[in-house]
Amino acid sequence: MRAESIAIVGAGLSGVYAAYLLEQAGVSDYYLLEASTILGGRIRSVKGSLATNDQDRFDLGAAWYWPQMQPALDALVKSLELRLSHQYEQGSMMVERSPDVAPTRYPSDTNAPSSMRIEGGMLALVQAICKYIPTERRHLGQRVVAIDINDDAIALKAETISGEYLYWQASQVLLALPPRLAATSIHFSPELPANVHSEWQGTATWMASHAKYLAAYPTPFWREDALSGEARSYSGPMGEIHDASLSSGAGALFGFIGIPAHSRKRISQEALLRLCRAQLVRLFGPQAARPSGEWLVDWSQSSLTATAEDEFSSEVHLNAPAASVDIAPWNHRLIGIASEWSRTYPGYIAGAIEAAQSGVYSLLNKKQQLLS
């Protein structure tokens with residue numbers, strides 16, 4: 001049994017940011033448990049085959065944020081001295097209204113405020129935060145499967161990649177994974193109150209039903225034809241497409257697969273890749289048929305993100321669940337800090353920052369009250 005004061009379950013953005021905030025507050029009696037062997041959670045940035053440095057990465061998960069609307073996240077990005085680039089929107093967009101009708105050009109919609117990307121992908125944000133977190137505090141490949149309160153301590157049971165079990169102890173738990181995933185994959189003893197479990201189970205998980213396709217090219221050739229890289233389609237398989245090119249000059253297009261998660265299971269990855277390439281050819285011409293690299297990520301197939309219920313989820317975020325369980329014996333010792341617990345930005349990158357801040361400050365205030 002390994003004992004520390006604070007356990008952070010999940011090392012996505014909210015988990016690593018919670019650890020960062022504890023470090024900034026001079027608190028070192030914590031540990032971070034992550035089921036995956038990599039950090040970042042629903043943030044995934046990959047290098048293309050033509051990449052020359054770590055800045056040449058494409059986002060397969062979260063990709064944008066809006067500085068004017070999300071000031072806390074923007075302040076963090078600036079404090080970490082990360083470079084930004086605007087989402088490319090110059091030129092015309094393409095619209096497919098029917099499989100039998102050729103795509104049509106329309107003036108692009110200009111977003112206001114502008115969508116921003118982080119140079120190096122969103123993973124650059126995670127990596128910059130992790131520079132402040134000692135490596136000995138991070139424990140990867142450990143999936144928490146049980147959280148039990150025993151007298152004054154909270155016991156956590158974690159399953160390793162090899163199937164072994166490790167046991168941890170804490171006085172407080174910051175739960176940095178989606179409410180629905182926590183309710184489904186973690187055994188709580190004593191059981192969570194029925195209303196809390198129901199609320200968590202009913203909270204849609206951001207991105208859990210999504211799939212994303214990205215094709216990389218040596219250059220953004222569509223810009224030569226005065227196209228923005230943006231497209232909307234009623235023919236599919238992608239319903240919404242955007243330019244994902246890098247400031248280094250490498251071109252890329254990405255799209256959200258419009259086929260529902262439960263239907264995608266009946267299509268092979270090879271077939272779906274082929275359909276996506278054919279769609280880009282229809283929209284942007286024959287050069288789109290030969291990407292230098294392509295990726296297809298179906299988040300609904302990840303057991304670290306989605307549950308069976310997410311295959312049919314509407315993913316509408318109306319109300320965030322209560323962030324802490326205020327009924328004995330939990331009594332605010334279990335605090336949710338994933339993006340879905342954010343009151344202002346549930347399901348967004350900014351929501352992960354807000355929820356982590358709220359949870360950590362609440363925990364630190366209670367610790368201060370106990371000491372005073």
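Which residues does Leu125 touch, not counting residues up to four places away in sequence? Select Leu125 in this predicted model and display its surroundings: Leu13, Leu73, Leu76, Val77, Leu80, Leu82 and Ile118 are the residues it touches once those up to four places away in sequence are set aside. Leu125 belongs to the largest nonpolar core, which has 64 residues, and together with Ile8, Leu13, Val16, Ile129 and Leu174 it touches the most other members. Apart from this core lies another, of 29 residues, and Trp168, Leu181, Leu334 and Ala338 are among them. As a general background to both selections, nonpolar side chains tend to be buried together in soluble globular proteins.

**Helix H3**

Next, extend the selection from Leu125 to helix H3, residues 123–130, which is mostly covered, with 7 of its 8 residues buried. The buried residues are Leu123, Ala124, Leu125, Val126, Ala128, Ile129 and Cys130. To see what covers them, add helix H1 (13–24), strand S4 (45–47), strand S5 (57–59), H2, strand S9 (116–118) and S10, all of which are included in that cover.

Cys130, in H3, counts as buried because its relative accessible area is 5%, under the 20% cut-off. Cys276 can be selected alongside for the reason that it too is buried, with a relative accessible area of 0%. A search of the whole structure finds 0 disulfides.

**The open sheet**

Now turn to the sheet, and colour its 5 strands in the order S10-S3-S2-S14-S21, which is an open arrangement with parallel pairing. At the edges are strand S10 (138–140) and strand S21 (334–336), each of which pairs on one side only. From one strand to the next, the twist averages 20 degrees. For a closer view of one edge, select strand S3 (residues 30–34), which runs parallel to S10 and is joined to it by 3 bridges; Glu34 has Leu140, in S10, as its bridge partner.

**The loop between S20 and S21**

From edge strand S21, step back to the loop that lies between strand S20 (293–298) and S21, where Pro329 is placed. The peptide bond from Ala328 to Pro329 is cis, with omega near 5 degrees. His332 lies in the loop between S20 and S21 as well, and its phi is near 65 degrees, a positive value in a residue other than glycine. The side chain environment can be judged from the relative accessible area of His332, which is 30%, so that this residue counts as partly exposed.

Thr305 is also found in the loop between S20 and S21. Is Thr305 buried or exposed? At 4% relative accessibility, Thr305 counts as buried, and with residues up to four places away in sequence left out, it touches Arg42, Leu181, Thr205, Ala208, Trp299 and Asp310. Leu181 in that list is one of the residues of the 29-residue core.

**Two further backbone features**

Select Ser189 and Pro190, which are joined by a cis peptide bond with omega about -5 degrees. Pro190 lies in the loop between strand S15 (187–189) and helix H5 (194–201).

Then move to Glu81, in the loop between helix H2 (71–79) and strand S6 (84–86). Phi of Glu81 is near 60 degrees, a positive value in a residue other than glycine, and Glu81 is exposed, with a relative accessible area of 72%.

**Aromatic pairs**

For the last stop, display the aromatic rings, among which the count comes to 14 pairs. In one of them, Tyr17 and Tyr20 have ring centres 5.7 Å apart and planes at 20 degrees, so the pair is stacked. Tyr17 and Tyr20 are 3 residues apart in helix H1, and are therefore separated by about one helical turn; both are buried.

Compare this with Trp200 and Trp341, whose ring centres are 5.4 Å apart and whose planes stand at 85 degrees, so the pair is edge-to-face. This pair links distant parts of the chain, with Trp200 in helix H5 and Trp341 in the loop between S21 and helix H8 (349–371), 141 residues apart. Trp200 and Trp341 are both buried. Finish by adding Phe188 and Trp330 to the selection, since ring pairs link them with Trp200 and Trp341 into a cluster.

Key. Residues are numbered from 1 along each chain as its sequence is written. This is a predicted model: local features need pLDDT of at least 70, side-chain atom pairs count only at pLDDT 80 or more; totals for chains, interfaces and linings use all residues. Side-chain values use heavy atoms; hydrogens and water are left out. Two strands pair if DSSP finds at least two bridges between them. Helices (H or I, at least four residues) and strands (E, at least two) are DSSP runs, numbered from the N terminus. Axes are lines fitted to C-alpha atoms, for helices over the stretch in contact, and angles run from 0 to 180 degrees between N-to-C directions. Buried means under 20% relative accessible area, exposed over 50%, partly exposed in between (1.4 Å probe, protein chains only). Contact means heavy atoms within 4.5 Å. A nonpolar core is a set of buried Ala, Val, Leu, Ile, Met, Phe, Trp, Tyr and Cys residues joined through side-chain atoms within 4.5 Å. A disulfide is a pair of cysteine sulfur atoms within 2.5 Å. Rings of Phe, Tyr and Trp (its six-membered ring) pair if their centres lie within 6.5 Å; planes under 30 degrees apart count as stacked, over 60 as edge-to-face and the rest as tilted.
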